[in-house]
Amino acid sequence: MPIAQHPTRIYRNRGVVIPLVPSYEALLHQSLAAVEPLWPRYPKTRRLWDLLVSDPEAVANWDMADYLTTNKLNYNDHGMTHALIAATNAIRIFDLLAEGGVPPDVVSSGAGDRDDACLVVAVATLLHDIGNQAHRKHHEMLGIGLAQPILDRLMPEVYPDVVTRVQLRAFILHAILSHDFDPPPLTFEAGVVAVADGTDVTKGRGRKAFDLGKVDIHSVSALAIDEVWINRGEQHPVEITVVMNNSAGIFQIDDTLTRKVVRGPLARWITVTAVTRPSDSPNDARIIERLTLRNGAFVAE
């Protein structure tokens with residue numbers, strides 16, 4: 001059964017429950033709906049996507065990565081919901097770039113066609129953060145070790161030829177390893193994964209970290225971002241527009257998204273625009289009214 005039909009049920013009824021704010025759940029539904037029209041172009045990608053998001057081992061990996069980052073580090077969501085939102089954004093970015101004539105490395109290398117390249121992007125984005133279940137430090141390297149047995153078990157369902165399977169797996173593992181630029185991404189596909197990861201920056205994702213007491217420029221800036229739009233640009237194949245309710249969002253945009261665009265292999269083809277709303281208001285929305293220093297940390301009141 002496609003994930004789009006039951007994302008909330010899949011997320012909740014499991015051993016480790018990480019509650020989400022309603023706006024982040026709504027964003028998940030919107031993201032899944034936005035990619036639906038693209039699936040007919042990418043049947044192999046859709047096949048492995050469905051296998052992966054319904055796989056108990058993959059789901060458990062997402063759960064535990066989210067538990068450690070959210071409950072122990074007071075970070076924002078790093079579980080299945082983030083993976084799905086980032087991956088749907090990755091497919092949309094990939095499709096716009098491919099339609100704009102930017103050649104994927106999977107295609108130019110001869111390893112596969114456009115559908116295979118899209119599959120690399122989608123799967124790598126889905127699995128990019130699972131290494132967080134062991135520790136945030138070195139989670140990229142830890143992630144490739146955790147992803148490989150899942151890939152080796154599921155990819156034969158789509159790719160019976162071992163050579164094709166190993167070649168595409170190499171592209172996936174590189175994208176997982178380099179999604180946070182340590183080391184930097186070298187391929188088209190890895191560049192898409194890195195940028196897509198940076199597009200999941202809305203206040204819904206950051207709400208829990210703030211509510212748990214993480215009051216700093218990272219959490220406050222995250223609450224300043226209302227929406228992220230991905231569209232074809234006038235001068236670039238992809239224009240990512242970030243809508244803010246407060247200018248503090250600039251920090252989150254720069255720290256999470258624009259550095260991955262500027263420093264990555266797709267800098268020539270992607271641009272980022274940040275806007276505030278309401279556009280007719282001279283003032284920013286208030287995020288914090290009062291802070292009190294308690295036990296060495298600011299607490300919002």
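**View 1. The second largest pocket encloses about 360 Å³ of space.** This is a predicted model, where local features need pLDDT of at least 70, side-chain atom pairs count only at pLDDT 80 or more, and totals for chains, interfaces and linings use all residues. Residues are numbered from 1 along each chain as its sequence is written, and side-chain values use heavy atoms, without hydrogens and water. A pocket here is an open set of points on a 1 Å grid over the protein atoms alone, where a 1.4 Å probe fits, with protein on both sides within 12 Å along at least five of seven lines; its volume is the space filled by probe spheres set on the points.

**View 2. Twenty residues line this pocket.** L27, Q30, T202, E227 and V228 lie nearest the centre of the second largest pocket; lining residues have an atom within 4 Å of a point. Two or more residues each come from α2 (22-35), α5 (80-99), α11 (203-211) and β1 (225-231), with α2 giving the most, 6 residues. Helices (H or I, at least four residues) and strands (E, at least two) are DSSP runs.

**View 3. Ring pairs link Y42, F94 and F188 into a cluster.** Rings pair if their centres lie within 6.5 Å, and planes under 30 degrees apart count as stacked, over 60 as edge-to-face and the rest as tilted. Y42 and F94 have ring centres 5.8 Å apart and planes at 70°, so they are edge-to-face. F94 and F188 are edge-to-face too, at 5.8 Å and 80°. Both F94 and F188 are buried, meaning under 20% relative accessible area (1.4 Å probe, protein chains only).

Notes:
Phe/Tyr/Trp six-rings, centres within 6.5 Å; stacked < 30°, edge-to-face > 60°. Buried < 20%, exposed > 50% of the residue type's maximum accessible area, 1.4 Å probe, protein only.
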